[in-house]
Amino acid sequence: MSMYLYDDMKEMQDFQNYQDEVRRLEGEYLEIRVLLRDAEEQLRANPESEYLQAKVKYLTKRLKGLESLAPRLAADHPLEISLWAPPHG
């Protein structure tokens, strides 16, 4: 790797590809969380619905799958805080 990020265009393209993949994954995670929230709300209003029960179960499974791919999505504190924030105390 070059000393500076902008020195090598191939590495810059790899970095941009990585950023695009992370953004796609974060977008999918957010979309599933919103769908799950809405489905759980509908299920509370209609607890007998087998369709809604299956939908909540499916979305929960998808969410757990994404969290296993990128555990930082479900972390209590964003990774950026530990990397860039000043130390406490």
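Let's start with how far to trust this one: the protein has a mean pLDDT of 85, and 87% of its residues reach 70 or more. What you are looking at is a predicted model. Confidence varies along the chain, with α2 at the top on a mean of 95 and α3 at the bottom on 72. Keep that in mind when we get to α3, since where pLDDT is low, the predicted coordinates should not be read in detail.

The overall layout is quick to describe. There are three helices and zero strands, so reading along the sequence you get α-α-α. Helix α1 covers residues 9-45, α2 takes in 50-69, and α3 spans 79-84. Of the 89 residues, 17% count as buried. As for how the chain folds back on itself, take the contacts between residues at least 6 apart in sequence: 49% of them join residues at least 24 apart.

A good place to step inside is Leu-36, which sits in helix α1. Is Leu-36 buried or exposed? Its relative accessibility is 9%, and because the cut-off for buried is under 20%, Leu-36 counts as buried. And what is Leu-36 in contact with, once you leave aside its neighbours within four places in sequence? The partners are Val-56, Leu-59, Thr-60 and Leu-63. Two C-alpha distances help you place Leu-36 further. Arg-62 is 26 residues away in sequence, yet the C-alpha atoms of Leu-36 and Arg-62 are 10.0 Å apart in space. Tyr-58, 22 residues from Leu-36 along the chain, has its C-alpha 9.1 Å from that of Leu-36. Tyr-58 belongs to helix α2, and with a relative accessible area of 47% Tyr-58 is partly exposed. So Leu-36 is buried at 9%, whereas Tyr-58 is partly exposed at 47%.

Now for the charges. The model has six salt bridges in total, and a few of them are worth a visit. Begin within α1, where the side chains of Glu-28 and Arg-24 meet in a salt bridge, 3.0 Å from N to O. Why do Glu-28 and Arg-24 count as about one helical turn apart? Because they are four residues apart in helix α1. Glu-28 has 22% relative accessibility and counts as partly exposed, and Arg-24, at 42%, counts as partly exposed too.

Next comes a pair that reaches across the chain. Arg-72 and Glu-26 form a salt bridge with an N to O distance of 2.5 Å. This pair links distant parts of the chain: Arg-72 is in the loop between α2 and α3, Glu-26 is in helix α1, and their positions lie 46 residues apart in sequence. Arg-72 is partly exposed at 33% relative accessibility, and Glu-26 is partly exposed with a relative accessible area of 32%.

A further salt bridge joins Arg-37 and Asp-38, whose closest N and O atoms are 3.2 Å apart. Here Arg-37 is partly exposed at 49%, and Asp-38 counts as partly exposed at 31%. Beyond individual pairs, salt bridges that share partners tie Glu-21, Arg-24, Glu-28 and Arg-62 into one network. You have met several of those names already: Arg-24 and Glu-28 as the α1 pair, and Arg-62 from its 10.0 Å C-alpha distance to Leu-36.

That leaves the largest pocket, with a volume of about 220 Å³. Its lining is made up of Phe-15, Tyr-18, Gln-19, Val-22, Arg-23, Glu-26, Arg-72, Leu-79, Glu-80, Leu-83 and Trp-84. Which elements give two or more residues to that lining? They are α1 and α3. The largest share, six residues, comes from α1. By character, the lining residues divide into six nonpolar, one polar and four charged. Two names on the list should ring a bell: Arg-72 and Glu-26 both line the pocket, and their side chains meet in the 2.5 Å salt bridge described above. One caution brings us back to where we began: α3, which contributes to this lining, is where confidence is lowest, at a mean of 72.

Terms used: Residues are numbered from 1 along each chain as its sequence is written. This is a predicted model: local features need pLDDT of at least 70, side-chain atom pairs count only at pLDDT 80 or more; totals for chains, interfaces and linings use all residues. Side-chain values use heavy atoms; hydrogens and water are left out. Buried means under 20% relative accessible area, exposed over 50%, partly exposed in between (1.4 Å probe, protein chains only). Contact means heavy atoms within 4.5 Å. On a 1 Å grid over the protein atoms alone, a cavity is a set of points where a 1.4 Å probe fits but cannot get out, and a pocket is an open set with protein on both sides within 12 Å along at least five of seven lines; lining residues have an atom within 4 Å of a point. Grid points are joined across faces, edges and corners, and a volume is the space filled by probe spheres set on the points. Ala, Val, Leu, Ile, Met, Phe, Trp, Tyr, Cys and Pro count as nonpolar, Asp, Glu, Lys and Arg as charged, and the others, Gly among them, as polar. A salt bridge is a side-chain nitrogen of Lys or Arg within 4 Å of a carboxyl oxygen of Asp or Glu. pLDDT is the predictor's confidence in each residue, from 0 to 100.
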